[in-house]
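Let's walk through this structure together, one region at a time. Keep the model open beside the text and turn it as we go.

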Amino acid sequence: MIIVPEKEIAGLIGRQESFDAVESVFAAMASGAAYNFPVIREAIGHADALYGFKSGFDRSSLALGLKSGGYWPGNMAKGLTNHQSTVFLFDADTGKAKAVVGGNLLTALRTAAASAVSIKHLARKDAKVLGMIGAGHQSAFQMRAAVEQRSFEKVLGWNLHPEMLVRLEETANELGLPYESVDLARLGAEADVIISITSSFDPILMEEHVTPGTHIACMGTDTKGKQEVDTALVAKAKLFTDEVAQSATIGECQHAVASGIVSEDNIIEIGAVINGNHPGRTSQSDITLFDGTGVGLQDLAVASAAVDLAIQKGVAIEVDF
């Protein structure tokens, strides 16, 4: 069995490798070659933690396994990342344990890659202004991945806690882009692409904030009850997701589906756009919304890439198991 420690991940896999892995697995899901198993996610009644498993199998790449982990809100005070994850891969031919891979950085990279894939396939080609809602740890990964998909000229940012907006400003400066902190009305009016990456349980971005032609990537809603955008905005947009079942139950579309204003039939897997089976955006005035719920196959795809690179670079640890 191979072990790829968390400390090695940054030297093995970056944004492009993550993007390619996630785009490929979305395509495999839409073609029926890959599928996710039911998600387990529970509050464990200790340390205010959420813990769970995401798993699946990709017949095209033979990636089989699961990601185990969750969210420990008190970790930052201990000098640790609040999100903790480990990916376990198994041999699809024998069922033997194949690899254990540190999953913290991989989770950040694959989440950012998913929104970047949506921008590539759904945002207007002439998109110039990127709007960021949320300024937590993941926001910097999101911004770095997004700017590689369009020729953005400016970044606008909003966060519930304004003191955290320095992260967005510093990241934009790193990327050589002008940055401005604004209210939601201005962000919605000016941004061509909006990424929301929060842990909100109440809508932040409202229908009246968003102008025609905008692409929205909702990346924070991955649990029952969470919500980042108004249901009226969801109903108005053309809807795309990583997996329809998750979108309708734990993703951004859950509230609109539960209230009956959106049908699951209206939600399209982004893999269908990648494969050329759905046109995606059909008008410059379309509002497109990508509901990035986060699927286990994303984790398996980037972890498999990390294992291959670890073997190539000689940093994989092999143990008898």
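**Strands, cores and spaces**

We begin with strand β5 (residues 63-71) and strand β6 (residues 83-90), which run antiparallel and are joined by eight bridges. Before going further, please keep in mind that this is a predicted model. To find your bearings in this pair, look for glycine 70, whose bridge partner in β6 is glutamine 84. From β6 we can step on to strand β7 (residues 97-102), since β6 and β7 also pair in the antiparallel sense, over five bridges. Here valine 87 stands opposite valine 101 of β7. The hairpin of β6 and β7 has six residues between the strands, and in this hairpin glycine 95 takes a positive phi near 85°.

Now turn to the parallel part of the model. Eight strands form an open sheet with parallel pairing, and their order is β10-β9-β8-β11-β12-β15-β13-β14. At its edges stand β10 (179-181) and β14 (267-269); each has a single partner strand, so one side of each is left without a neighbour in the sheet. On average, neighbouring strands of this sheet are turned by 20° against each other, direction ignored.

Within this sheet, β8 is a good strand to stop at. Strand β8 (residues 129-133) runs parallel to strand β11 (residues 193-196), and four bridges join the two. In this pair, leucine 130 stands opposite valine 193 of β11. β8 also pairs with strand β9 (residues 154-158), in the parallel sense and over five bridges. There, valine 129 has lysine 154 of β9 as its bridge partner.

How many of the residues of β8 are buried? The count is five of the five, so the strand is largely enclosed by the rest of the structure. Taking the two faces of β8 in turn, Val129, Gly131 and Ile133 are buried on one side, while Leu130 and Met132 are buried on the other, so that both faces are covered.

Leucine 130 leads us from the sheet into the interior. Leaving aside its neighbours within four places in sequence, leucine 130 is in contact with Met143, Ala146, Val147, Phe152, Lys154, Val155, Leu156, Ala191, Val193 and Ile195. The largest nonpolar core has 68 residues, and Leu130 is among those with the most contacts inside it, together with Phe26 and Val101. We met valine 101 earlier, opposite valine 87. Helix α3 (residues 104-122) contributes eleven residues, the largest share of this core. There is also a second, separate core of 28 residues, which includes Leu205, Ala237, Val244 and Val262.

Next, the empty spaces. How many cavities of 30 Å³ or more does a search of the whole structure find? The search finds one, and the largest cavity holds about 60 Å³ of space. Its lining is made by Arg15, Gln16, Ser18, Phe19, Leu109, Ala112, Ala113, Ala116, Ala145, Glu148 and Gln149. Helices α2 (15-31) and α3 each supply at least two of these lining residues.

The second largest pocket holds about 200 Å³ of space. Of the 16 residues that line this pocket, Val39, Arg41, Gln246, Thr249 and Ile250 lie nearest its centre. Both β3 (40-43) and α8 (244-249) supply at least two residues each to the lining.

Two individual residues round off the tour. Histidine 278 sits in the loop between α10 (270-274) and β15 (288-291). Is histidine 278 buried or exposed? Its relative accessibility is 24%, so histidine 278 counts as partly exposed. Beyond its neighbours within four places in sequence, histidine 278 is in contact with Phe240, Ile268, Ala272 and Val273. One of these, isoleucine 268, is ten residues from histidine 278 in sequence and 8.3 Å from it in space, C-alpha to C-alpha.

Finally, find glutamate 8 in helix α1 (residues 6-9). With a relative accessibility of 24%, glutamate 8 also counts as partly exposed. From glutamate 8 to aspartate 126 the separation is 118 residues in sequence and 38 Å in space, C-alpha to C-alpha.

Note on methods:
Residues are numbered from 1 along each chain as its sequence is written. This is a predicted model: local features need pLDDT of at least 70, side-chain atom pairs count only at pLDDT 80 or more; totals for chains, interfaces and linings use all residues. Side-chain values use heavy atoms; hydrogens and water are left out. Two strands pair if DSSP finds at least two bridges between them. Axes are lines fitted to C-alpha atoms, for helices over the stretch in contact, and angles run from 0 to 180 degrees between N-to-C directions. A nonpolar core is a set of buried Ala, Val, Leu, Ile, Met, Phe, Trp, Tyr and Cys residues joined through side-chain atoms within 4.5 Å. Buried means under 20% relative accessible area, exposed over 50%, partly exposed in between (1.4 Å probe, protein chains only). Contact means heavy atoms within 4.5 Å. On a 1 Å grid over the protein atoms alone, a cavity is a set of points where a 1.4 Å probe fits but cannot get out, and a pocket is an open set with protein on both sides within 12 Å along at least five of seven lines; lining residues have an atom within 4 Å of a point. Grid points are joined across faces, edges and corners, and a volume is the space filled by probe spheres set on the points.
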